[in-house]
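Visitor: I am new to this structure and should like to be guided through a few of its details. May we begin?

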Amino acid sequence: QVQLVESGGGLVQAGGSLRLSCAASGSTSSINEMAWYRQAPGNQRELVAGISHEGRAHYAVSLKGRFTISRDNFKNTVALQMNSLMPRDTGVYYCNEAVPTSVGTWLDYWGKGTQVTVSS
């Protein structure tokens, strides 16, 4: 069973930085996609950044340049370095693992989330 455990959230002042980490276990696929999503109060969950098993990263257009996603396939971890944080970055950040199936679809797994609060 896939388990994703996030860590690194907290309270930070605007302009500050945080580094989120996600430890994955139980995956049987070596070609999974990992990603970070976030959800602010009253808003839908949105993609922050994703990274393929080969290390190709993609970002939400509005975040590119401030956030950096990385992964360590040996340790089964994915990280999100967040710089120049703004109050609008406040929300719960979720780690996601997408695993391809034999029929061409993807199975999504989610962590429980970690709260990030950016004060002005």
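Visitor: In the open sheet of four strands, which strands stand at the edges?

Guide: This is a predicted model. The open sheet has the order E1-E3-E8-E7, with antiparallel pairing. The two end strands each have a single partner strand, so one side of each is left without a neighbour in the sheet; they are strand E1 (3-7) and strand E7 (67-72).

Visitor: Which residue in E8 is the bridge partner of Leu-18?

Guide: Strand E3 covers residues 18-25 and runs antiparallel to strand E8, residues 77-82, with six bridges joining them. For Leu-18, the bridge partner in E8 is Met-82.

Visitor: Glu-97 is buried; how far away is the nearest side chain of opposite charge?

Guide: Glu-97 belongs to strand E9, residues 91-100. A salt bridge requires a distance within 4 Å, and Glu-97 has none. The nearest side chain of opposite charge is that of Arg-71, at 6.4 Å.

Visitor: With which side chain does the side chain of Glu-97 make a polar contact?

Guide: Beyond four places in sequence, the residues in contact with Glu-97 include Val-2, Leu-4, Asn-32, Met-34 and Tyr-109. One of these contacts is a polar contact between side chains at 2.6 Å, and the partner is Asn-32.

Visitor: Is Gly-42 buried or exposed?

Guide: Gly-42 lies in the loop between strand E4 (33-39) and strand E5 (46-51). The cut-off for this class is over 50% relative accessible area. Gly-42 has a relative accessibility of 83%, and therefore counts as exposed.

How values were computed:
Residues numbered from 1 in each chain as written. Predicted model: local features only at pLDDT ≥ 70, side-chain atom pairs only at ≥ 80, totals over all residues. Heavy atoms only, no water. Buried < 20%, exposed > 50% of the residue type's maximum accessible area, 1.4 Å probe, protein only. Lys, Arg positive; Asp, Glu negative; His and termini not counted. Polar contact = N/O pair within 3.5 Å; in protein donor to acceptor, adjacent residues only side chain to side chain. Contact = heavy atoms within 4.5 Å. Pairing = 2+ DSSP bridges.
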